[in-house]
Amino acid sequence: MPSLPRNDPRQYDDLAGEWWRPGGEFEMLHWLAEARAALVPPAPYPGAVLVDAGCGGGLLTPHVESLGYRHVGIDLRRSGLEQAASRGVAAVAADVAALPLATESADVVVAGEILEHVPDMPATVAELCRVLRPGGLLVLDTINATRMGRFVSITLGERFGAAPTGIHDPELFVDPGELTAHCAKNGVRLRVRGVRPSVPGLIRWLFLPAGPRPSRLGRMVPTRSTQVLYQGMGRKSG
């Protein structure tokens with residue numbers, strides 16, 4: 001079977017067994033999901049909606065299930081959506097650049113590790129903001145479009161197993177200045193900060209022998225530099 005192009009969504013079907021495997025190829029995505037969820041407050045009222053754009057296998061679920069939201073997950077690949085649904089997510093197969101949701105229907109929109117995969121970032125940001133209620137919260141994280149971001153995520157990440165080979169197209173990495181500008185155009189004043197994996201956790205994941213592993217090997221920690229990974233958070237005006 002010929003190899004798939006970089007950033008081809010079909011890769012996630014081949015990697016479906018990695019979503020919840022401790023120490024697997026998606027291990028760092030669990031750390032990012034936990035860090036993302038730490039920015040989400042408890043639901044403001046019963047029935048409040050959290051939209052998880054690019055939900056994959058539902059890795060956000062264990063970190064937000066106690067917050068009281070109706071958790072709606074959007075993704076292209078059914079292999080991931082089936083796993084998300086098995087964990088209580090209301091799973092919807094759709095493109096994050098054309099969300100099948102009503103305008104101003106979400107109290108929180110979370111976009112974790114998805115913006116560096118979409119071919120039209122401005123259109124996707126417009127959709128994320130469109131479905132957000134006035135006063136609602138946008139939380140995201142992504143990879144910076146810098147030489148360092150490309151080097152760490154592609155050159156080092158793929159060589160040492162921190163990212164599956166071909167899962168990213170560096171041409172789609174996201175400049176934080178452009179991202180904040182597009183959010184502002186759509187009514188969200190986004191603030192960004194850098195994050196990085198904890199060094200002990202990264203070492204344990206990449207270099208310790210395979211075998212029985214704890215459910216979490218490491219975590220993400222804040223950093224001043226946004227050169228590689230960064231989070232964004234902002235509320236919609238109105």
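Student: Which residue follows α6, and what is the sign of its phi?

Tutor: That's G161, and its phi is positive, near 85°. Keep in mind that we're looking at a predicted model.

Student: Okay, let's stay with α6. What should its length be, going by its residues?

Tutor: The idea is to allow 1.5 Å a residue and compare that with the distance between the two ends. Helix α6 covers residues 147-160, so its 14 residues should span 20 Å. Its end C-alpha atoms are 18 Å apart, which agrees.

Student: Which residues of α6 are buried?

Tutor: To call a residue buried, you look for a relative accessible area under 20%. In α6 that picks out G149, S153, I154, G157 and E158. Looking down the axis of α6, you'd find these buried residues within an arc of 100°, so they line one face of the helix.

Student: And what is on the other side of α6?

Tutor: There you'll find R147 and R159, and they are exposed. As for the buried residues, what covers them includes the strand β5, residues 132-143.

Student: Let me try another helix. Which residues of α4 are buried, and what do they pack against?

Tutor: Helix α4 runs over residues 78-85, and its buried residues are S79, G80, L81, Q83 and A84. They pack against α1, β2 (70-75) and β3 (90-93).

Student: How do I read the angle between two helices, say α2 and α8?

Tutor: You compare their N-to-C directions, and an angle over 145 degrees counts as roughly antiparallel. Helix α2 (residues 27-37) and helix α8 (residues 199-207) pack at about 155°, and their axes are 11 Å apart. The two are therefore roughly antiparallel to each other.

Student: Which residues make that contact?

Tutor: From α2 it's E27, M28 and W31, while α8 brings in G201, L202 and W205. Sorted by class, the contact has four nonpolar residues, one polar and one charged.

Student: What is G24 in contact with, beyond its neighbours in sequence?

Tutor: Leave aside the neighbours within four places, and G24 is in contact with E18 and W205. You've just met W205 as one of the α8 residues in the contact with α2. G24 itself is in the loop between α1 (11-14) and α2.

Student: Is G24 buried or exposed?

Tutor: Its relative accessibility is 2%, so G24 counts as buried.

Student: How far apart in space are G24 and G161?

Tutor: Here you keep two separations in mind, one along the chain and one in space. G24 and G161 are 137 residues apart along the chain, yet their C-alpha atoms are separated by 9.5 Å. Now try D120 and L217: they are 97 residues apart along the chain, and their C-alpha atoms are separated by 34 Å.

Student: Where is D120, and how accessible is it?

Tutor: D120 is in the loop between β4 (106-112) and α5 (121-130). With 40% relative accessibility, it counts as partly exposed.

Student: Back to phi. Which residues have a positive phi although they are not glycines?

Tutor: E104 is one of them, with a phi of about 60°, and E113 is another, with a phi of about 50°. E104 is in the loop between β3 and β4, whereas E113 is in the loop between β4 and α5.

Student: Are E104 and E113 buried or partly exposed?

Tutor: Use relative accessibility again. E104 is partly exposed, at 36%, but E113 counts as buried, at 12%.

Definitions and conventions. Residues numbered from 1 in each chain as written. Predicted model: local features only at pLDDT ≥ 70, side-chain atom pairs only at ≥ 80, totals over all residues. Heavy atoms only, no water. Helix = DSSP H or I, 4+ residues; strand = E, 2+ residues; numbered from the N terminus. Expected span 1.5 Å × (residues − 1). Buried < 20%, exposed > 50% of the residue type's maximum accessible area, 1.4 Å probe, protein only. Arc of directions from axis to C-beta. Contact = heavy atoms within 4.5 Å. Axes fitted to C-alpha atoms, helices over the stretch in contact; angles between N-to-C directions. Parallel < 35°, antiparallel > 145°, perpendicular 65-115°, else oblique. Nonpolar A, V, L, I, M, F, W, Y, C, P; charged D, E, K, R; others polar.
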